[in-house]
Amino acid sequence: MQHPVEIAPARGKLGVLLVGLGAVSTTFVAGTLLIRKGLASPIGSLTQMGTIRLGKRNEGRTPLIKDFLPLASLDDLVFGAWDIFEENGYEAAMTAGVLDASMLEQVRPELEAIRPWPAVFDQRYVKRLMGTNVKTGANKREIAEQVRADICAFKDAHHLDRLVMVWCGSTEIFMTPMAAHQSIAAFEQAMESNADEIASSMVYAYAALKEGIPYANAAPNLSADIPALDQLALDNGSPVVGKDLKTGQTLIKTIVAPGLKARLIGVSGWFSTNILGNRDGEVLDDPESFKTKEESKKSVLDYILQPDLYPTLYKDLCHVVRINYYPPRGDNKEGWDNIDLVGWLGYKMQLKINFLCRDSILAAPIVLDLVLFLDLAKRAGMSGIQEWLSFYFKSPVHAPGLYPEHDLFIQLMKLKNTLRYMRGEELITHLGLEYYG
Ligand SMILES: NC(=O)c1ccc[n+]([C@@H]2O[C@H](COP(=O)([O-])OP(=O)(O)OC[C@H]3O[C@@H](n4cnc5c(N)ncnc54)[C@H](O)[C@@H]3O)[C@@H](O)[C@H]2O)c1
């Protein structure tokens, strides 16, 4: 058995800094408050309901993950947020329309206490939104200092011990890493000259990383996934993860595709379409924001099916993804997948999936897990990209030169093995020859 990693205890309060107080954020906060009052169950959360097998299969050691590791308690979470709209947490949750009014009523005072700080916002990056609760300043570096001041004031006001930041803001326009993103010096220079290369989400990420705070990106925009911010995260001991929570259609895709590949069933086409009527859907109706989302959603199949290794099965795969803004459905997304399959001797088959999901109901437990695992990683001295949390993302950030792992089952094994490693437990390989020797 190897030595356990030293993990500082989860003492005191943990502040959760949410950028964007929309459907995902309010569903996460209201849900956490309801759960901690014993009024609801944390369904979908690995940290709250998941177990982990330790040792051999005949040892009977399968604790809850939250008993195996020193995670922060839900009672110790304190929430703060930025948004371009002034609505408090209760009003924002009512606007999002995900949870029933009767449920929200039970945590109304706690939600009303969340009054969003003015946001870092520029319509250049999210075309379909306009709000008035926005910071102004001489340049982006000065605005980042204002975000740091918000963080410090929140920390003092609530006597917080530690913090985690999660970008739950709208999807920004498609960007790729540019010269201004290559080093911390270039990035800071670009902030001072108000360069377009510095999107609003990068300003928040910079502020968090400067404070040594872990940062997660729930959306597909570039944000902290650039060399300058990777370096800052390493320098300041901040764990970082992203991008784009794996919920809905992509979750199902990364469950089904590894199964088809495992049985060497060919796929000649995968057509995915969605209808979605919340504010996220409205933002994604803009082609530049949609492009960011499309890239994120489309990448998964190539990596899972590996057409280079299996040209006969996947070389000609036609993968199409559509999102249609359709207001009547609100947050209740409906997704259809048509998968054209090829079997033995080239015979064609089809698989149809119709998923009537609730986007934010799938996303909220992921946000909770990320907050708790990032705080754990920080206390365990882990900084920079946390690939073991790929399990939660459509476009997992990863080290240069590696391809991202998209297969949900490999991702889960990696996550649990990382937890075993942290505690000095034997890693599980599933070899199992010892049971038959
Ligand atoms: N719901 C899901 O299952 C899911 C899955 C993957 C990714 N996401 C992504 O998570 C993000 C949030 O989703 P949502 O459904 O809550 O959307 P939403 O539109 O309900 O909420 C986003 C909030 O962010 C605010 N915002 C936008 N730019 C901001 C800025 N610069 N600073 C502060 N606030 C800002 C908006 O005003 C809005 O209130 C979106 O980018 C979405 O694509 C959601």
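Helix 11 (residues 248–262) lies across strand 6 (266–276), strand 8 and strand 9, and its direction is at about 150° to that of strand 9. Keep in mind that this is a predicted model. Another helix joins in: helix 13 (residues 287–305) packs on the sheet, where it touches strand 6 and strand 7 and runs at about 150° to strand 7.

**The four-stranded sheet**

So what are these helices sitting on? The sheet is open and has four strands, ordered 7-6-8-9, with mixed pairing. Strand 7 (318–325) and strand 9 are the edge strands, and because each has a single partner strand, one side of each is left without a neighbour in the sheet. From one strand to the next the twist averages 10°.

How many residues of strand 9 (residues 348–356) are buried? The count is zero among its nine residues, so to speak a strand that is hardly covered. Its pairing with strand 8 (residues 334–342) is antiparallel and takes in nine bridges. Two of the pairs are easy to find on screen: W336 has N354 of strand 9 as its bridge partner, and G335 stands opposite F355 in strand 9. Strand 8 and strand 9 make a hairpin with five residues between the strands, and there L345 takes a positive phi near 65°.

**The enclosed strand**

Strand 3 (residues 160–167) is another story. Six of its eight residues are buried, so the rest of the structure largely encloses it. Here is how strand 3 pairs, set beside the strand 8 and strand 9 pair:

| Strand pair | Sense | Bridges |
|---|---|---|
| Strand 1 (residues 13–19) and strand 3 | parallel | seven bridges |
| Strand 3 and strand 4 (residues 215–217) | parallel | three bridges |
| Strand 8 and strand 9 | antiparallel | nine bridges |

For anchor points, L14 stands opposite R162 in strand 3, while W167 has N217 of strand 4 as its bridge partner.

**Two domains**

Zooming out, the protein is divided into domain 1 (13–245 + 361–422) and domain 2 (249–356). Their centres, taken over C-alpha atoms, are 26 Å apart. Where they meet, 27 residues of domain 1 are in contact with 27 residues of domain 2. The side of domain 1 that touches domain 2 has 13 nonpolar, seven polar and seven charged residues.

**Around the ligand**

Where does the shell around the ligand lie with respect to domain 1 and domain 2? Both domains give residues to the shell, so it lies between them. There are 37 residues around the ligand, and the ones that come nearest are G20, G22, A119, A219 and R279. If you're thinking about the chemistry of that shell, it breaks down by class into 20 nonpolar, twelve polar and five charged residues.

As for the helices, helix 1 (23–36), helix 12 (279–284) and helix 15 (359–379) each supply at least two residues of the shell. Which of the elements gives the largest share? That is helix 15, with four residues.

To pull the threads together: strand 9 is hardly covered and stands at an edge of its sheet, strand 3 is largely enclosed, and the shell around the ligand takes residues from both domain 1 and domain 2.

Note on methods. Residues are numbered from 1 along each chain as its sequence is written. This is a predicted model: local features need pLDDT of at least 70, side-chain atom pairs count only at pLDDT 80 or more; totals for chains, interfaces and linings use all residues. A residue is buried if 20 or more other C-beta atoms lie within 10 Å of its own, exposed if 12 or fewer, and partly exposed in between; C-beta atoms are placed from the backbone. Two strands pair if DSSP finds at least two bridges between them. A residue is near a molecule or strand if its C-beta atom, placed from the backbone, lies within 6 Å of it. Ala, Val, Leu, Ile, Met, Phe, Trp, Tyr, Cys and Pro count as nonpolar, Asp, Glu, Lys and Arg as charged, and the others, Gly among them, as polar. Domain bounds come from an automatic or database domain assignment. Two residues are in contact if their C-beta atoms, placed from the backbone, lie within 7 Å. Axes are lines fitted to C-alpha atoms, for helices over the stretch in contact, and angles run from 0 to 180 degrees between N-to-C directions.
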